[in-house]
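User: Please take a close look at one part of this model and follow its surroundings outward. Which part you start from is up to you.

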Amino acid sequence: SIFCWSLYNELGDGTNPELLVSRLNDLAHKEDPTRPTVGATNNAGRPENQMPDIVGHNTYPGGYWDNPDNMKWTIAWNYKPDSGKSIAISEYGAGASIYQHDQHIKSAPKTDGEWHPEEWQATVHEVTYRIIDESPQLWGTFVWNMFDFASAGRHEGDAMGINDKGLVTYDRQVPKDAFYYYKAQWNPEPMVHICSKRDVERKEAVTDVKVYCNCKNPVLVVNGIIHELENKGYNIWVATGVGLDEGDNNIVVTADGVAVVDSCVWKYVK
């Protein structure tokens, strides 16, 4: 599974690493001339970035800085055709807690803050992946990260000592909405997923319903009433202005006839 040899990741200011990186680069080529060398950087101006055959950029629009649509800008900024080096987006994403929700979030929450709604992570991946997919100058992209993982000193989202950028929870038990977004992009088997399923206690009588589905024409039924789902591209479907009754509301989405189904219950309390 090895396709390149990594020399470094996110080298910062301080001791100049150029000599060591150069020696590692030469050694990798001597030991294995069949594979390229690579470095991952979060600073496009570092001199060692010119040493590997290819380079990856760790960048977090919508996560650590600004908004996710700035992924287009950061790709253009980091890709220099005259350098002769291909680039990848070697890390991107945002944090999320499955216990925190916000149906109206439009901008990035504080990266190291205690409020990381699941909906924002999904939005970041929807926007950044679309831009990445439409950027042919990239040789590869890597979601950061598959699972939440231990990171001493962090206090973000709902947990201490956890980096919550994973598409799945730390215990590997609960896929977040963003996980199903990628499943809708890459999985060949028919699937459907209702987003914000865990946001059970609803405080508004009217809401949008977002669905990830890789089938044609999924059908949304709320309390027995069919609502139109609009295809937003990249297997994202949205029904706007869906009314909720007081008390329990049964949300059901079917696709591929009725062979594929997902459901949940949202409770509206005035």
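Analyst: Buried means a relative accessible area under 20%, and exposed means over 50%. The model is a predicted one. I start with β3 and work outward.

By that cut-off, β3 is mostly covered: five of its five residues are buried. The strand spans residues 54-58. Which residues sit on each face? Ile54, Gly56 and Asn58 are on one side, and Val55 and His57 are on the other. Both faces are covered.

Next, the neighbours in the sheet. β3 belongs to an open sheet of five strands, with the order β1-β2-β3-β4-β5 and parallel pairing. The edge strands are β1 (5-9) and β5, each pairing on one side only. From one strand to the next, the twist averages 25°. In general, the strands of a sheet pair through backbone hydrogen bonds, either parallel or antiparallel.

β3 has a partner on either hand in that order. With β2, residues 37-41, the pairing is parallel and runs over four bridges. Thr41 has His57 of β3 as its bridge partner. With β4, β3 again runs parallel, joined by four bridges. There, Val55 stands opposite Ile87 of β4. So His57 and Val55, both on one side of β3 and both buried, appear in these two pairings: His57 with Thr41, Val55 with Ile87.

Now the helix that crosses this region. α2 lies across β3, β4 and β5, and runs at about 130° to β4. Its span is residues 71-78, and its buried residues are Met71, Thr74, Ile75 and Asn78. Why do these four count as one side of α2? Because they cover an arc of only 100° around the axis, they are on the same side of the helix. The other side of α2 carries Lys72 and Ala76, which are exposed. What does the buried side meet? Its residues pack against β3, β4, α3 and β5 (138-141).

From β4 the path leads on to His116. This residue lies in the loop between β4 (87-91) and α3 (118-133). Is it buried or exposed? His116 has a relative accessible area of 5%, so it is buried. Its side chain makes polar contacts. One reaches the backbone oxygen of Thr111 at 2.9 Å. Another joins the side chains of His116 and Asp164 at 2.8 Å. Leaving aside residues up to four places away in sequence, His116 touches several others, among them Gly95, Ser97, Gln100, Pro109, Lys110, Glu156 and Gly157.

Then α3, at the far end of that loop. The buried residues of α2 pack against α3, and so do those of α4. In α4, residues 177-186, the buried set is Asp177, Ala178, Tyr181, Tyr182, Ala184 and Gln185. Their arc around the axis is only 155°, which puts them on the same side of α4. Besides α3, they pack against β8 (192-194), β10 (206-213) and β14 (236-243).

To return to the start: β3 pairs with β2 and β4, and α2 lies across it.

Methods:
Residues numbered from 1 in each chain as written. Predicted model: local features only at pLDDT ≥ 70, side-chain atom pairs only at ≥ 80, totals over all residues. Heavy atoms only, no water. Buried < 20%, exposed > 50% of the residue type's maximum accessible area, 1.4 Å probe, protein only. Polar contact = N/O pair within 3.5 Å; in protein donor to acceptor, adjacent residues only side chain to side chain. Contact = heavy atoms within 4.5 Å. Arc of directions from axis to C-beta. Pairing = 2+ DSSP bridges. Axes fitted to C-alpha atoms, helices over the stretch in contact; angles between N-to-C directions.
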